[in-house]
Amino acid sequence: MRAVKAAALALALAMLLPGMAPPAQAAGSPSAAAATAPQTVPRTILALVDLREESTIRLSRIHTMVELPLNHLGLSVVYWNVADGLPDLSRYPDLRGVVTWFAGEPFADVGAYVAWAARAMDRGVRFAVLGQPGVRLERGGKPVPLALTNRFFARFGLRDDDGYSDLTYKSKPVLADGMIGFERPLSGVLPGYPLFRKTDERFVSHLVMRRGDDPASDSHLVVTGPAGGLVTDGYSRYFDAEYNRRQWIVDPFAFFRDSFATGDLPKPDVTTLSGRRLYFSHIDGDGWRNVTEVAPYAAKRVLSSDMVRTAAIEAFPELPVTVAPIVGDLDPTWKGTPESLEAAKRLFALPQVEPASHTWTHPFQWAFFKDYSRQNEAPFLERDGGRKSGKGDDHAAEEAGEVSDIGRYALPRAYLQQPFDLDQEIGGALDYFTRLAPVGKRAVLIQWSGDTSPFEAALAAVRKAGGVNINGGDARFDADFPSITGLPPIGLPVGAERQIYAAGSNENTYTDLWTNRFYGYRNLVNTMRHAGSPIRLKPFNVYYHMYTGQKAASLNALVSVLTAARGQELAPVAASTYARIAEGFYTIRFEPLDGARRWRVRDRGAMNTLRFDGASADTVDFARSSGVLGQRHSQGSLYVALDPAVAEPVVALAETDRADRDPPAALPYLVEGRWAFSGLSAEGQGEKQRETQGFRVAAAGYGEGAMVWRVPRPGRWTVTAERDGTRLWSSVAEADADGRLALTVPVSAVAPLLLRFRPADGAAG
């Protein structure tokens, strides 16, 4: 049992403590195992985009609108630019489907595309088509023969009868089911539409339009079926040009669920840990050396970073925060001062603080440095003013562009006195902050600066340095952005690398790029509320800059957000932990096993939550599962917590007769908890001992350990917490008649604990 205990504690450390990477056996290596890998559930969606029409993947319709719902459904998106021809499907062995959303005519040879799509569908690849289907006109405007066009539409159970309703004032929906009117009802002047007849009853029509009272004019504009789904151009979303707002007409979750048949698919979930909504917070170092305006600290010339520490970090010891300074703000050979350096050391010493990096010189425009030349930077050197280190001006950060250039990026980076060095910017900065931090803490997270648009080599440099990355996305979902289209996906593919987005937006988007309404960040709670209910789409993320400590309004807004978070049921982690969980979303694989609804989970990294939707009557079948910590029903879904100590868990589902209580099980399991747990095992010898003599589990986390377990027997249980063989706390908790054991362990678990649970009348393990 000592070996089990040591492994469990190591895994718990890796999950939660700042700067520690997960053990290798928990992550797996999909590339190394590809040749011998068993068949897995396909999760990849190939997005065809035309970058002659949309300048970048980052700004494309599919990335900004479609990828979030696909991620929520457990699907990972890869992109192909059709300007480069049609992709070779053999490149995608994990391919589940293809999604398109064209605005024009992307193909010079429509016949080749129709044949390519037919071959894909014949091998079981499903298609989801939004906007222009790309088969009516060839590139340049040449009409495509209707017979060829209908070969494509026939795959969706439709026939184009070459009719078109241009004036729609007499048109009305004669069928509009629950998939229609998701964020915007069909109202006002409707877009024109083609005459689509349905030819295959295997397809379900979700929207049928009719002119006047003539059934012969019926047109099927939204359909799903065996080959995928199609939404006619103009009926997927509504765009308000005056306010630059987009809203879904079609329910994207329902449409893509039906199009790609994800109903019973296990869904890796980045929003949840230990049955609770995940929480993380991270701070970019901009404004580190600004002098606060908050009375009475302004008279003492307190730095904004120290102001944030006292008001928003030390005051909330149970909420972890990742702090990422800029080396140029701290290092005396650049623009650092003894005060700015000490501010970082004081912050990094706090147990709830994870050290991270906001780079060395704070690039504003990352593309500028993709093919860097010092000569290209020469025109900016004079504007930099020849600023020399050691100036000793407490306002130097403002002069350096940390605040004044926000949104304008008048300089390519904040500090120009030495040539740009990518290795120094990434790995060098991580090493610098690791040396500043106490022994045992390691900086591993790069928080992207400026336009948060790193190029492929910059992302590769993070991986080379053994780090992870975050930032970008600007998630908003509130009265100003009343749509899920304001929420970004989990990340962005950049060449062979991947950028991980933040789950919330920083205060810039709430304060007009830090020009007014400095109280605006208090509105973050609305985005976090909408992104958490009625379905959980994002973790609770508090992301801001150090210049928030400069103004009383912004600091008060931040404190109000943290106070709101303190009152919610959350599972707080370091920001690097979230970044690793997000990376695990893309690597995880599911191997179907014998029997129905049973999967082996491979290559998941730090991903330890699976979700099953529409699962109110489902439960984990523990007799056919292994490596499962717990389960919890919420929002109609079943969230399954996996044990980090088990490299390849097996999850099996069964039906339960009651959905109004925790499902019964012969073994104890976690319902929900504030901490992360690992290495669940029996106190005695054999699984049966978990019922008769109790169980043990490693735990790590922030704040007091509120938790709920479902145990096989009601009554009194003795619970102890120990570390390195020393008992720190012990108490007795009562399991109710349903075996629900709720308790709070009032001990710090920043350093992992071992928890022991024993029936009060049972024998010692």
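## Sheets, helix packing and enclosed space in a predicted model

Four strands make up an open sheet in the order 24-25-30-27, and their pairing is antiparallel. Its edges are formed by strand 24 (589-592) and strand 27 (618-620), each of which pairs on one side only. On average, neighbouring strands of this sheet are turned by 35 degrees against each other, with direction ignored. These values, like those that follow, come from a predicted model.

At one edge of that sheet, strand 27 and strand 30 (residues 650-655) are joined in the antiparallel sense over three bridges. Within this part of the sheet, Thr619 stands opposite Ala654 in strand 30. As general background, strands of a sheet pair through backbone hydrogen bonds, either parallel or antiparallel.

### The eight-stranded sheet and its helices

A further open sheet has eight strands in the order 2-1-3-4-10-9-8-6, and here the pairing is mixed. Strand 2 (76-81) and strand 6 (171-176) are its edge strands, each pairing on one side only. From one strand to the next, the twist averages 20 degrees. The edge strand 2 runs parallel to strand 1 (residues 44-49), to which it is joined by six bridges, and in this pairing Val49 has Asn81 of strand 2 as its bridge partner.

Helix 5 (residues 110-122) packs on this sheet, where it touches strand 1, strand 3 (95-102) and strand 4 (126-131), and the direction of helix 5 makes about 140 degrees with that of strand 4. Helix 7 (residues 252-260) lies across strand 1, strand 3, strand 4, strand 8 (204-211), strand 9 (219-225) and strand 10 (228-231), and runs at about 145 degrees to strand 4.

### A helix pair

Two packed helices are described by the angle between their axes and the distance between the axes. For helix 13 (residues 422-436) and helix 14 (residues 456-464), the angle is about 35 degrees and the axes are 9 Å apart, and the crossing of helix 13 and helix 14 is right-handed. On the side of helix 13 the contact is made by Leu422, Asp423 and Ile426, which meet Ala457, Ala458, Ala461, Val462 and Lys464 in helix 14. Sorted by class, the residues of this contact between helix 13 and helix 14 comprise six nonpolar, no polar and two charged.

### Pocket and cavity

Rolling a probe the size of a water molecule over the atoms shows where empty space is left. In the second largest pocket this space amounts to about 1200 Å³. The pocket is lined by 43 residues, of which Leu59, Gly472, Gly473, Asp474 and Thr509 are the closest to its centre. Several elements contribute to the lining of the second largest pocket, with at least two residues supplied by each of helix 4 (61-72), strand 11 (237-240), strand 12 (245-248) and strand 22 (540-545).

A search of the whole structure also finds five cavities of 30 Å³ or more. About 120 Å³ of space lies in the largest cavity, and among the 14 residues that line the largest cavity, the closest to its centre are Asn71, His72, Val270, Thr271 and Leu537. Helix 4 gives the most to this cavity lining, with three residues. The table sets out the two linings by residue class.

| Lining | Nonpolar | Polar | Charged |
|---|---|---|---|
| Second largest pocket | 15 residues | 19 residues | nine residues |
| Largest cavity | seven residues | three residues | four residues |

### Backbone details

Which kind of peptide bond leads from Ala295 to Pro296? The bond is cis, with omega near 0 degrees, and Pro296 is found in the loop between strand 15 (276-284) and helix 8 (304-313). The peptide bond from Ser533 to Pro534 is likewise cis, with omega near 10 degrees. Pro534 lies in the loop between helix 15 (524-530) and strand 22, and strand 22 is one of the elements that supply at least two residues to the lining of the second largest pocket.

A further backbone detail concerns Asp162, which has a positive phi of about 60 degrees although it is not a glycine. Asp162 is found in strand 5 (residues 158-165).

Technical notes: Residues numbered from 1 in each chain as written. Predicted model: local features only at pLDDT ≥ 70, side-chain atom pairs only at ≥ 80, totals over all residues. Heavy atoms only, no water. Pairing = 2+ DSSP bridges. Axes fitted to C-alpha atoms, helices over the stretch in contact; angles between N-to-C directions. Left-handed = near helix turned anticlockwise from the far one by under 90°. Contact = heavy atoms within 4.5 Å. Nonpolar A, V, L, I, M, F, W, Y, C, P; charged D, E, K, R; others polar. 1 Å grid on protein atoms, 1.4 Å probe; cavity = no way out; pocket = protein on both sides within 12 Å on 5 of 7 lines; lining within 4 Å. Points joined across faces, edges and corners; volume = space filled by probe spheres on them.
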